[in-house]
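Work through the following exercises with the sequence and the coordinates side by side. Each task is followed by a solution that proceeds step by step.

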Amino acid sequence: MVEDEGIRRYVAHIILWIGIAIVAFPVYIAIVASTQDNALIANGQMSLLPGGHFFEVYYQTIFVGTSGSTREPVANMMLNSLVMALLIAVGKIAISIISAYAIVYFRFPFRMTIFWIIFITLMLPVEVRIYPTYKIVSDLHMLDSYAGLALPLIASATATLLFRQFFMTVPDELLEASRIDGAGPLRFFWDTLLPLSRTNMAALFVILFILGWNQYLWPLLITTRDDMQTIQVGIRKMITTTDALTEWPIVMATAVLAMLPPVFVVVAMQKLFVRGLVETEK
Amino acid sequence: MANVTLRNVRKTYTGGFEAIKGVNVDVGDGQFCVLVGPSGCGKSTLLRMVAGLETVTGGEIDIGGKVVNQIEPADRDIAMVFQNYALYPHMSVFNNMAYGLRNRGMKEAEIKTRVEEAARVLELTAMLERKPRQLSGGQRQRVAMGRAIVRQPKVFLFDEPLSNLDAKLRISMRVEIRKLQRRLNVTSIYVTHDQLEAMTLADILVVMNGGQVEQVGNPLAIYEKPATTFVASFIGAPPMNLMSTRQDEIKSQLGGSASEAGILGIRPEDFVITDQTPSGGVALSLTVEAIERVGAETFVYGSRAPDEQRIAATPGELPPGEVIVRIPGTEAPAIGAKIRVAAVRAKLHLFSEDGRKRIEA
């Protein structure tokens, strides 16, 4: 029995290690490739050990860009991506928490209808409504702007639903106590509901930031100027070069850089996340 | 300081359900009024109407000489203690108490004085910086009380504030609430389903059933002269024994006009185990079925011949034919023994056939 358990545990660990290797290997390759000489990679002679070009490759990537005609430093792309992702994450949270507040705490005509309309938009992601959305954004002269990048993606049925579910678990007595304490609807929202939703907001922020960061199709359509490019679009453009060699180390360095902010957000928010799970008392 | 007057107060929900069917209660300045009744009787709804958390669909609620039907809860000058305390989980004890004062734009120095004074009275001084989740149930209860006290309102409203506490704590908090209310001398309305809490706390007791007031008055007066069979069986534990007077055994003993009443009630403690029949009183033959010894007293559950006449049982009433007798001490007859119990004339309660009216014999 005991031996049996031991073997089973080894098997489990081996499977887990294989899984980790499958996930981690491409990342490792990307890191390694970003430190090598481009000629080596192009010849298919890439070493599996880090090369010696780390500083020059990253310097060029961040501050200069590729040597192609539409060069753009990756630092600028990252800034664009960051602004877009933050606008989307913060905007989505703000809009959805407010609409959830309206739906849960106010009695107004067609409340349930509005709720269902919001619910139905779950079935209409950007890809489905891309033409009308593009038309509107272009008519509003928001092409090549941060507003154009973020605004159409801000409405979120999922987040609204999430906040709605959360608000419904908040005891009614808290609202009543607030009313007796002289807090109006805005005060109750600001002083009680927002602080209570902090952990929900943190969790959502992580998810939405990554979602915003990884947007590809929409930024590709809406941005034409190189200085408004986001990093995800930028990587793609670096790979498809017409008559020059793809600069793989720079592509890989950009990919590595593109991974950093989401990783940072996850690591930074994890504490709040876990604390939120532990302190669930209302 | 204020009196609270309810004039023919009604509450009908949009579905047509009538939760409160015309209630008239007058609570004098500084009095402690307890609303008691079984769950669903409308007592909490009535309290929430006084608080302004439920709309009033008929009648008037008057606090301190002003009709408050249309006034927001915050402007009624009331403070409420909730059953689940409803403390703000993310605020410290201090801020929980200070919140209502800050919203009223009170000066921070004055807030500090008031909160610290309340904390001193409630022995919370050492916990002012803690969050509610770091407190025990009893301490949370105190914070909820503190939040009410610092406001220095005209009226305190309590919605079953002790029902989340364990039995021992409930008793000590009950005493504290009463002491506090006496000292602050603030008019209070208190909702409970626990008749013992109701009896011990109330200056005025309001017994409610089905959205109506069954009886209003001094708790002891209600205990001694319940107006209906509902009150008779609800107030007092164990409940009053109710039996039909149509049966020969009782009818013959009652005699005269008393035998015209429909229902006879005798409290368990008014029975004595004796072979004699007191003149004008009632004696019953019982078979002992169960014994409950609680230390200072013993409850004897006996059965009589089946009481076919008494079917309309009120809530909390014993099954017809069963009789509880309370005897002091722990000496009790054996199970299965045949005993005779008797009650004197002065201890008999007579009610009309439908139980809605008390008859003075």
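**Exercise 1.** Determine how many residues each chain brings to the contact between chain A and chain B, and describe the side that belongs to chain B.

Solution. In this predicted model, the contact draws 18 residues from chain B and 16 residues from chain A. Turning next to the elements involved, one finds that strand E6 (78-81) and helix H2 (93-103) of chain B each contribute at least two residues to the side of chain B that touches chain A. Sorted by class, that side of chain B comprises 12 nonpolar, four polar and two charged residues.

**Exercise 2.** State which domains are assigned to chain A, and describe how domain 1 of chain A meets domain 2 of chain A.

Solution. The domain assignment places domain 1 at 2-53 and domain 2 at 74-278 of chain A, and their C-alpha centres are 33 Å apart. Across the boundary, nine residues of domain 1 of chain A are in contact with eight residues of domain 2 of chain A. On the domain 1 side, helix H1 (2-33) and helix H2 (38-42) of chain A each supply at least two residues, and the class count for this side is five nonpolar, four polar and no charged residues.

**Exercise 3.** Characterise the secondary structure and the overall dimensions of chain A.

Solution. Chain A contains 14 helices and zero strands. Its radius of gyration is 24 Å, whereas a compact globule of 282 residues would have one near 19 Å. Along the principal axes, the C-alpha atoms of chain A fill a box of roughly 75 × 70 × 30 Å, and 30% of the 282 residues of chain A count as buried.

Definitions and conventions. Residues numbered from 1 in each chain as written. Chains lettered and ligands numbered in written order. Predicted model: local features only at pLDDT ≥ 70, side-chain atom pairs only at ≥ 80, totals over all residues. Domains from an automatic or database assignment. Contact = placed C-beta atoms within 7 Å. Helix = DSSP H or I, 4+ residues; strand = E, 2+ residues; numbered from the N terminus. Nonpolar A, V, L, I, M, F, W, Y, C, P; charged D, E, K, R; others polar. Rg over C-alpha atoms; globule rule 2.2 N^0.38 Å. Buried ≥ 20, exposed ≤ 12 C-beta atoms within 10 Å, placed from the backbone.
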